Amino acid sequence: MTISCIPASDALGAVISDVDLAKTLDSETVGALQKIWAENLVMIFRGQSLSDDDLIRFSSHFGECEKAPIGDSVLEQDIPPEITVVSNVMEDGKPIGFLGTGELTWHTDMSYIPEPSDASGLYAIEVADGPGGETSFLNMYSAYDTLPADLLAKIEDRTANHDSSYTSAGTLRTGLAEVTDVSKAPGARHRLLRTHPVTGRTALYLGRRPNSYILDLSVPDSESLLDEVWSHTTQDKFVYTHRWEKGDLVFWDNRCVMHRREPFDAGERRIMHRTQLKGAAPFYRA
Ligand code: OGA
Ligand code: MN
């Protein structure tokens with residue numbers, strides 16, 4: 001199988017065609033995809049027709065699929081434990097999935113736990129007609145590579161707390177208290193710079209802006225340093241925005257990519273199935 005691949009934008013992302021992910025991939029194709037992924041950070045496949053098992057099998061070429069976090073507020077469905085439903089659709093008075101219709105602010109998946117997922121795949125089963133519901137991805141290697149020297153010096157040895165109280169949709173998680181002092185927020189601590197285990201490149205690792213806190217600084221100093229880093233990072237030139245079509249699979253690397261989502265009209269239906277994984281499987285090294 002010969003796959004074709006074109007850049008999705010100047011910033012990051014590759015649109016890959018001539019591959020049917022519902023079929024078993026040969027090792028040559030898998031190797032080619034692992035290389036494309038390491039070099040482009042986000043893989044985009046259009047026009048796929050995938051079962052949950054196909055999505056899990058494809059994802060497993062890049063790591064080990066994790067069990068989806070369970071939320072009691074979501075309708076129980078007969079789907080494999082590796083699949084999370086991301087949707088606003090209601091059935092029997094309950095949402096069938098997570099994250100509603102609102103904006104999702106810039107974030108990296110699961111950065112509020114000590115060992116976050118390394119990658120996530122999102123497969124579009126039903127999409128909003130739009131405008132709205134687009135998902136943007138940001139190249140955190142580029143954000144690092146272009147840091148002004150004085151800003152780099154201020155953050156290179158710093159560690160931040162990644163608050164676990166709220167979802168990327170801004171909803172307070174069940175059982176957690178509102179954050180009134182960011183220096184006391186629960187969550188996980190990660191260095192602001194991280195080395196990617198496959199590419200060896202350094203990336204900024206910010207998680208999300210709300211309730212973030214840089215350790216060992218006063219809250220006002222942490223806020224102003226975070227504002228400076230975030231305003232450098234969230235430049236359009238580092239971003240690719242994906243306009244979804246049914247049958248798209250977008251697969252991204254949380255170790256070097258942040259993402260966000262535009263809100264969409266509550267009258268629209270959007271159903272995505274997601275995998276999340278740890279890059280434990282042996283695979284391509286740069
Ligand atoms: C996610 C996520 C974005 C979207 O599933 O982690 O951020 O467009 N989804 O729904
Ligand atoms: Mn996310």
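## A walk around ligand 1

Start by selecting His-107 and ligand 1: a polar atom in the His-107 side chain sits 3.2 Å from one of the ligand's oxygen atoms. Keep in mind as you go that this is a predicted model.

Now add His-259 to the selection. A side-chain N or O atom of His-259 is 3.0 Å from an oxygen atom of ligand 1. Then bring in Arg-270, where the distance between a side-chain N or O atom and a ligand oxygen is 2.7 Å. With those three side chains on screen, switch on the surface. How much of ligand 1 does the protein bury? On its own ligand 1 would expose 290 Å², and the protein buries 99% of that.

Next, show everything around ligand 1. Besides His-107, His-259 and Arg-270, the surrounding residues are Val-86, Leu-99, Leu-104, Asp-109, Leu-122, Thr-135, Arg-261 and Arg-274. Try colouring this shell by class: you should get four nonpolar, three polar and four charged residues.

Zoom out a little to see the site itself. Ligand 1 sits in the largest pocket. Which elements give two or more residues to the shell around the ligand? They are strand S9 (104–107) and strand S19 (257–261), so colour those two if you like landmarks.

Stay with the pocket for a moment. The space in the largest pocket comes to about 880 Å³. Its lining has 34 residues, and the ones closest to the pocket centre are Phe-98, Leu-99, Tyr-112, Thr-167 and Arg-173. Leu-99 is worth a click, since this residue is also part of the shell around ligand 1. For the strands, select S5 (84–87) and S8 (98–99) along with S9 and S19: each supplies at least two residues of the pocket lining. Colour the lining by class too, and the split is 13 nonpolar, 13 polar and eight charged residues.

Two backbone stops are left. First, go to the loop between strand S10 (119–126) and strand S11 (135–139), where you'll find Pro-131. Is the peptide bond from Gly-130 to Pro-131 cis or trans? This bond is cis, with omega near 5°. Then jump to Leu-41, in the loop between helix H1 (27–40) and strand S3 (42–45). Leu-41 isn't a glycine, yet its phi is positive, at about 75°. Why bother with these two spots? Because most residues other than glycine have a negative phi, and most peptide bonds are trans.

Definitions and conventions
Residues are numbered from 1 along each chain as its sequence is written. Chains are lettered from A and ligands numbered from 1 in the order in which they are written. This is a predicted model: local features need pLDDT of at least 70, side-chain atom pairs count only at pLDDT 80 or more; totals for chains, interfaces and linings use all residues. Side-chain values use heavy atoms; hydrogens and water are left out. A residue is near a molecule or strand if one of its heavy atoms lies within 4 Å of it. A polar contact is a pair of N or O atoms within 3.5 Å; within protein, one must be able to donate a hydrogen and the other to accept it, and residues adjacent in sequence count only if both atoms are side-chain atoms. Accessible areas come from the Shrake-Rupley method with a 1.4 Å probe; for residues, only the protein chains shown count as cover. On a 1 Å grid over the protein atoms alone, a cavity is a set of points where a 1.4 Å probe fits but cannot get out, and a pocket is an open set with protein on both sides within 12 Å along at least five of seven lines; lining residues have an atom within 4 Å of a point. A molecule sits in a cavity or pocket if more than half of its atoms lie within 2 Å of its grid points. Helices (H or I, at least four residues) and strands (E, at least two) are DSSP runs, numbered from the N terminus. Ala, Val, Leu, Ile, Met, Phe, Trp, Tyr, Cys and Pro count as nonpolar, Asp, Glu, Lys and Arg as charged, and the others, Gly among them, as polar. Grid points are joined across faces, edges and corners, and a volume is the space filled by probe spheres set on the points.
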